[in-house]
Amino acid sequence: VQLQASGGGAVQAGGSLSLSCAASISGRTFNNYAMGWFRQAPGKEREFVAAINWSGGITYYADSVQGRFTVSRDNAKNTVTLQMNSLKPVDTAVYYCAADTYGVLDQGSASDPREYDYWGQGTQVTVSS
């Protein structure tokens with residue numbers, strides 16, 4: 001599995017960005033995987049942002065982004081999207097997408113980076129005040 005994140009950039013506070021993660025998979029199909037988004041700011045640990053199960057029917061969010069970010073997936077196109085609205089300077093970080101082979105997450109496992117088996121390279125998001 002190879003994951004390619006894109007869509008990062010620089011925006012002002014209150015603005016929006018849409019991140020996309022494209023998956024290249026062999027041997028299985030994209031809808032076998034649950035997907036997650038994490039972020040890492042300079043000097044800080046990687047933290048959970050959002051996750052979506054294999055079908056797209058169940059999503060999880062960090063409290064800090066609940067109501068502002070939306071995660072979705074298109075299994076026909078092998079992509080997962082993170083729509084980020086009302087961005088704040090504290091959202092500045094490198095954003096990573098990740099894939100979980102099991103496909104099904106619960107509230108606990110969704111936010112645990114050890115749950116995920118594959119990681120993309122990250123895309124930078126910078127929010128200025």
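A disulfide joins Cys21 to Cys97, with the two sulfur atoms 2.1 Å apart. This is a predicted model, and a search of the whole structure finds one disulfide. Around that bond you will meet a four-stranded open sheet, a nonpolar core of 39 residues and a network of salt bridges that includes Asp91. Here is a tour, topic by topic.

**The disulfide**

- Cys21 lies in strand 3 and Cys97 in strand 9, so the bond ties together parts of the chain that are 76 residues apart in sequence.
- The torsion about the S-S bond of Cys21 and Cys97 is about 60 degrees, which means that the disulfide is right-handed.
- Both cysteines, Cys21 and Cys97, are buried.
- As a reminder, a disulfide is a covalent bond between the sulfur atoms of two cysteines.

**The sheet that holds Cys21**

- Strand 3 covers residues 17–24, and it belongs to an open sheet of four strands in the order 1-3-8-7, with antiparallel pairing.
- At the edges of this sheet are strand 1 (2–6) and strand 7, each of which pairs on one side only.
- Neighbouring strands in the sheet are turned by 15 degrees against each other on average, direction ignored.
- Strand 3 pairs with strand 8 in the antiparallel sense over six bridges.
- If you want to find Cys21 in this pairing, look across to strand 8, where Val80 stands opposite.

**Just after strand 3**

- Ile25 sits in the loop between strand 3 and strand 4.
- Although Ile25 and Leu3 are 22 residues apart in sequence, their C-alpha atoms are 8.8 Å apart in space.
- Leaving out residues up to four places away in sequence, Ile25 touches Val1, Phe30 and Tyr33.

**The nonpolar core**

- The largest nonpolar core has 39 residues, and those with the most contacts inside it are Met35, Trp37, Leu82, Met84 and Tyr95.
- In soluble globular proteins, nonpolar side chains tend to be buried together.
- Tyr95 is a good residue to click on: setting aside neighbours within four places in sequence, its contacts include Trp37, Leu82 and Met84.
- Tyr95 is also in contact with Leu19, Phe38, Val49, Phe69 and Val125, among others.
- Another contact of Tyr95 is Arg39, which leads to the next topic.

**Salt bridges**

- The count comes to four salt bridges.
- Arg39 forms a salt bridge with Asp91, and the closest N and O atoms are 2.9 Å apart.
- This pair links distant parts of the chain: Arg39 is in strand 4 (residues 34–40), Asp91 is in the loop between strand 8 (79–84) and strand 9 (93–100), and they are 52 residues apart.
- Asp91 also forms a salt bridge with Arg68, where the closest N and O atoms are 2.8 Å apart.
- Arg68 lies in the loop between strand 6 (59–61) and strand 7 (69–74), so its pairing with Asp91 ties together parts that are 23 residues apart in sequence.
- Are these charged residues buried or exposed? Arg39 is buried, with a relative accessible area of 4%, and Asp91 and Arg68 are buried too.
- For Asp91 the relative accessible area is 0%, so it counts as buried because the cut-off is under 20%.
- Arg39, Arg68 and Asp91 join with Glu47 in a network of salt bridges.
- Elsewhere, Asp112 forms a salt bridge with Arg114, the closest N and O atoms being 3.0 Å apart.
- Arg114 is exposed, with a relative accessible area of 74%.

**Helix 1 and the loop that follows**

- Ser109 lies in helix 1 (residues 107–110) and is buried, with a relative accessible area of 15%.
- Not counting residues up to four places away in sequence, Ser109 touches Glu115 and Tyr116.
- Glu115 is found in the loop between helix 1 and strand 10 (118–119).
- At 25% relative accessibility, Glu115 counts as partly exposed.
- With residues up to four places away in sequence left out, Glu115 touches Asp100, Leu105 and Ser109.
- Glu115 and Ala98 are 17 residues apart in sequence, and their C-alpha atoms are 9.5 Å apart in space.

Notes: Residues numbered from 1 in each chain as written. Predicted model: local features only at pLDDT ≥ 70, side-chain atom pairs only at ≥ 80, totals over all residues. Heavy atoms only, no water. Core = buried A, V, L, I, M, F, W, Y, C linked by side-chain atoms within 4.5 Å. Buried < 20%, exposed > 50% of the residue type's maximum accessible area, 1.4 Å probe, protein only. Contact = heavy atoms within 4.5 Å. Salt bridge = Lys/Arg side-chain N within 4 Å of Asp/Glu carboxyl O. Helix = DSSP H or I, 4+ residues; strand = E, 2+ residues; numbered from the N terminus. Pairing = 2+ DSSP bridges. Axes fitted to C-alpha atoms, helices over the stretch in contact; angles between N-to-C directions. Disulfide = S-S within 2.5 Å.
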